[in-house]
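Student: Could we go through the aromatic contacts in this model together?
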Protein chains: 2
Amino acid sequence: MKLHHSSNSPFVRKCLVTAAELGLSDQLERLACAASPVTRDRDIIASNPLGQVPTLTTDDGQVLYDSRVICEYLNNLAGGSLYPQDLRQRWTALTDQSLADGILDAALLVRYETTLRPEQYRWADWITGQLDKFTTALTHFETRVSGFGGRVDIGTITLACALRYLDLRYPDLQWRDQYPRLTAWYQVYSQRPACQVI
Amino acid sequence: MKLHHSSNSPFVRKCLVTAAELGLSDQLERLACAASPVTRDRDIIASNPLGQVPTLTTDDGQVLYDSRVICEYLNNLAGGSLYPQDLRQRWTALTDQSLADGILDAALLVRYETTLRPEQYRWADWITGQLDKFTTALTHFETRVSGFGGRVDIGTITLACALRYLDLRYPDLQWRDQYPRLTAWYQVYSQRPACQVI
């Protein structure tokens, strides 16, 4: 399988961690590319009209995106259990994935606003609104994380990727100061071998 | 079930059309709300920390989002066939959903840029990059739509919602002028009873 890849994309990382959890890392060949919402990468667009990473080409030539589809495909390929069979647990895992994906969407929008967009076109209210999603989302996870137990599923994988991305791009947030239970959970969870993938 | 709803949200519409395809429309109670990425709606946030619609509360009290999770939940609840059992068809349907969702994401970002953001902070390159996604995505669907046959799945539902949203918000695009096969497909598909939902 070939994965259009960008080393700083948190959504690519989500696929790499998922592959590692499933023992599939060796089967993923990484294709470096330079996705950007403004200078669009024509190499990626040839496979994925959205011009975004991650994009996966399977061994039988099917092109899959985005990260949600790729992760589910990988889980199916490996006969994995990252998507719970129990329905209530399944919807919880998928909604947690949506929430953590939403943190990442907001994080990327703020990053585009503060690094890609020329300074004179930046709008403080937009940044405030997106950053507020971090607060409401992390507060929500903080209230629930004590009940996660040993969960390892697509929801917890995505949450771990979101927290790592906040550490990478928003160290000044110092989210650990406000969310002690989430901090304790992540301290243990992030030591999983799959989370060491680079 | 209760659906946090905004009448102009294309992602809400996707859930409503899906529910209609599955015969579940009567079971969805709509809760009106005013989601915005800048003035965030605290009523929605109490259920969904992202403050976005659609958000669904199931009859047994589980809160689900975003549209992808809600549509899959509805399909499962109804024992529907909007997610193909055949794996190759399933990944195609899910990737088509991602692509059409991507059109909608771009359409919303352009709309926020051109209506919500104060004029002095608008950035032409951002708009150009997002609008280019319409072109590359519609060109891709144009090359494949002749092979869709009688497909009715989460991919075609989302595509129809995306085309409808382009008609609603971007009539000047006149997409039909450039994509005759997509036009022919949509002309037939949009007459399905489920697509008449308001």
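Student: How many aromatic pairs does the structure hold over all chains?

Tutor: There are 12 over all chains. Rings of Phe, Tyr and Trp (its six-membered ring) pair if their centres lie within 6.5 Å; planes under 30 degrees apart count as stacked, over 60 as edge-to-face and the rest as tilted. This is a predicted model, in which local features need pLDDT of at least 70 and side-chain atom pairs count only at pLDDT 80 or more. Residues are numbered from 1 along each chain, chains are lettered from A, and side-chain values use heavy atoms.

Student: Why is the pair A:Y112 and B:W126 tilted?

Tutor: The ring planes of A:Y112 and B:W126 stand at 55°, with centres 5.8 Å apart, so the pair is tilted. A:Y112 belongs to helix α4 of chain A and B:W126 to helix α5 of chain B, so this pair joins two chains. Helices here are DSSP runs (H or I, at least four residues), numbered from the N terminus.

Student: Is B:W126 buried or exposed?

Tutor: B:W126 is buried, at 6% relative accessible area, while A:Y112 is partly exposed at 27%. Buried means under 20%, exposed over 50%, partly exposed in between (1.4 Å probe, protein chains only).

Student: Changing topic, which residues form one aromatic cluster with A:F148?

Tutor: A:W185 and A:Y189 form one with A:F148.

Student: And where does A:R151 lie?

Tutor: A:R151 lies over the face of A:F148, 4.5 Å from the ring centre. The criterion is NZ of Lys or CZ of Arg within 6 Å of the ring centre and within 35 degrees of the ring normal.
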